Amino acid sequence: MEAAHLQVKRRFILMDLLKTVFGIDVSSRKSNVCIMVNGQKVDDYAISNDMVGFNQLLDDLKQVTKPQIIFEATGVYSRRLQAFLDMHELRYVMMNPLEAKRKTKDDLHQNKTDKLDAMYLAKLQSEHPQRLAYVQSEEYQELMANNRIYEQASHDLITNKNRLHKAIQLTFPEIEHVMATPRGKNYWSIVLRFPHPDIVLETKEADIIDFLKSLSGIGKKRANDIMQKLIRLAKVACPAVKKDSAYVHGLKIAINNILSAEEECQTALQEMAKLAPKRDLEILTSIPGIGENTALRIISELGDIRRFKNPNQLNAFVGVDPQVYESGNLTAHLSISKRGTAIGRKVLYLAINQIQSAKKAGNPCHIADYYEKRKRSSETASHKKAAIASIHKLLRTIFALIKNDQLYSYDVAKHNQRLLS
């Protein structure tokens, strides 16, 4: 086996001027490598996803001039390979799995194995060379990492709020009326301290007031008002479980998870604020409806927007570009490609909703105008379809503002719209 591998290496040296492609299928513990020279497979083997395996791959890559490397972006599994290649300043093609599947689906292979996946990636690059991946700076990689932490913490926040609501219905549902809005750190702290009406009734009024005064923004008078309301609610409550029930314990776990998730969200946003380019942040927040948090998340997902040559490339990166089906004289536009990051599309969708809300509050934006125009143009047009179309408009606006280093102006945007119409 080793002799055969050495023979392949010698063949690489002889064919140094030929087109050599390394197709790599990355999985959790190992990666399969397929090597093609001028479209013909010359070797395939598996490597471990560690320094030993990556150095084995590096030895082969060094045998040829300008090797072409292609692999799929498989989340955390491909990041180690990507980091190793970046460390050795080797350029590569990193394909979105959906795009790779679409571009290799015409091949008539029925079986799916890691070896075949590596071979078809190598074949794709040999016959239809794909664009090399853009290697962003470490700051942008850290921005995205912090946004992923924010996204996961936000998901945990929603999950635990739902768990808390269900638990409160069994332990002390009346406590949801103790404050004007049943959310926020003070509310969570009150429920954590008094998860059951019996605990309220067993606690001295002075002790309840002292606890409430220890919370942020609550003075003596307000503490007294909340205390009296809390006692009134506890007296009329009819809990389904006792104060030592496991449901009370579960409620406390949910609240602690909520407080932890909120802290993680804030920490992630603070880190993003340190890393994000200040001018880009200023430009994005000049668009009505887009606040600092949303702007930070957009920058984290889109990265350095100046690397794109035109807005269509930005649309494709996000995955909101339409798929096109052609057969004979038929040309049909299908749903969006979804090639990019789902989190990026989610943040932009949120931004469209915020832009709409800003217009209703008296802050006009041509993107909101466009959304309403799309809604009026068809009685069957859904909010989602109009929002996706508006995301195209938002991305074009962001691209133009960043490229030209300009703040948003509704009058200028409307004027440009008239010139283009």
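**The largest pocket and its surroundings**

Helix H6 provides six residues to the lining of the largest pocket, the largest share of that lining. This description rests on a predicted model. Helix H6 spans residues 138-171 and is joined in the lining by further elements that each contribute at least two residues: helix H3 (76-87), strand S5 (93-95), helix H4 (97-104), helix H14 (311-318) and helix H15 (342-360).

The pocket itself holds about 1,700 Å³ of space. Its lining comprises 40 residues, and those closest to the pocket centre are Ala73, Met94, Asn96, Arg307 and Phe317. In chemical character, the lining of this pocket divides into 20 nonpolar, ten polar and ten charged residues.

Enclosed space was examined as well. The count gives one cavity of 30 Å³ or more, and the volume of the largest cavity is about 40 Å³. Asp280, Leu284, Ile299, Gly303, Ile305 and Ile402 form the lining of the largest cavity. By class, four of these lining residues are nonpolar, one is polar and one is charged.

Turning to the protein as a whole, the fold contains 18 helices and seven strands. The chain has 421 residues, of which 45% count as buried. The exposed area of the protein is about 23,400 Å², with 52% of it supplied by carbon and sulfur atoms. Where contacts link residues at least 6 apart in sequence, 62% of them join residues at least 24 apart.

Note on methods. Residues are numbered from 1 along each chain as its sequence is written. This is a predicted model: local features need pLDDT of at least 70, side-chain atom pairs count only at pLDDT 80 or more; totals for chains, interfaces and linings use all residues. Side-chain values use heavy atoms; hydrogens and water are left out. Helices (H or I, at least four residues) and strands (E, at least two) are DSSP runs, numbered from the N terminus. Buried means under 20% relative accessible area, exposed over 50%, partly exposed in between (1.4 Å probe, protein chains only). Contact means heavy atoms within 4.5 Å. Accessible areas come from the Shrake-Rupley method with a 1.4 Å probe; for residues, only the protein chains shown count as cover. On a 1 Å grid over the protein atoms alone, a cavity is a set of points where a 1.4 Å probe fits but cannot get out, and a pocket is an open set with protein on both sides within 12 Å along at least five of seven lines; lining residues have an atom within 4 Å of a point. Grid points are joined across faces, edges and corners, and a volume is the space filled by probe spheres set on the points. Ala, Val, Leu, Ile, Met, Phe, Trp, Tyr, Cys and Pro count as nonpolar, Asp, Glu, Lys and Arg as charged, and the others, Gly among them, as polar.
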